[in-house]
Amino acid sequence: MILSYAATRSTRKTLLTLFWCVLAFVYLFPYTWMVLTGFRHGVDTISVPPRFIFQPTLDGFRHLFEVTGFQKYLFNSAVVTIASVLLVIGVSAPAAYALAHLSKGGGMLLVAILVARIIPGIAIGVPVYLLATRLHQLDTYQALVVINVAVNIPFAMWLMRSFFMEVHPTLREAAISDGCSEWQVFTKIMLPLVLGGMLATSVFVFIAVWNEFLFALILTTSVSPTAPLAMLGFRTQYGVQWDAVGAAALLVSTPVIVFAFIMQRYLVQGLTMGSVK
């Protein structure tokens, strides 16, 4: 009986390991295929059946940096993303704190913020383009930063408000009783307590801005297009340059993966925040 139980337990463990291996393969297959596409010739990518054994090449990366100047688009994405994240967090944190602890009748404001986030970007594409044209801000970093900040502030405010609400109000009341100003309460007490949540929010905003495509397509032409938009250029009248597409996709996705990996401790901490003990 003991041997039968041990055999059953071993079988279950083997099946569970096999299940996780299959799940990991399915989950990682798109990224694996993207890496393979970046390091093989285009004919190997479109061959039927697909070739998993091939001669590696760096022609795709060479085409990116020597022919298209893809590094300029990566730089544009970095400038827009970093500026947008800093501004979104800088504006959303005080607003979220106010909505969580100072606002007594902010229900309608919260609904308005949520509605603003729900509106699809394509619905405001034409007004945004006309406004940027009138202000002579077309094809500039400023236009992309402003629209990305405007689009992501509602999400960041809602998310950070939930983190601030986890802090018990009595902590703020005790600090006020001790003579702290509202700004001191916010900067010296609240921010350190919700630092994990704020960094988690910055990860989500970073991913959203870095991958943003629609407004880059509407507002930029030649000076400040971002990396996702530049990938459109690899589809020509002669076909798709699959090696360049794979290399570009690898370069575009790597910063997001690296940033999320570095911030994963804060991401988990922020998403599992509890109340003050």
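Colleague: How much area do domain 1 and domain 2 bury between them?
Modeller: About 520 Å², with 77% of it on carbon and sulfur atoms. Buried area here is the accessible area (1.4 Å probe) that two parts lose on being put together, summed over both.
Colleague: Which residues of domain 1 lose the most area to domain 2?
Modeller: Tyr 31, Met 34 and Thr 37, which together make up 71% of what that side buries.
Colleague: Hang on, is this predicted, and how is it numbered?
Modeller: It's a predicted model: local features need pLDDT of at least 70 and side-chain atom pairs count only at pLDDT 80 or more, while totals for chains, interfaces and linings use all residues. Residues are numbered from 1 along each chain as its sequence is written, and side-chain values use heavy atoms, leaving out hydrogens and water.
Colleague: Where do the two domains run?
Modeller: Domain 1 is 1-39 and domain 2 is 69-274, with bounds from an automatic or database domain assignment. Their C-alpha centres lie 36 Å apart.
Colleague: How many residues are in contact?
Modeller: Six of domain 1 with nine of domain 2, counting heavy atoms within 4.5 Å.
Colleague: And how many salt bridges are there between the domains?
Modeller: Zero, taking a salt bridge as a side-chain nitrogen of Lys or Arg within 4 Å of a carboxyl oxygen of Asp or Glu.
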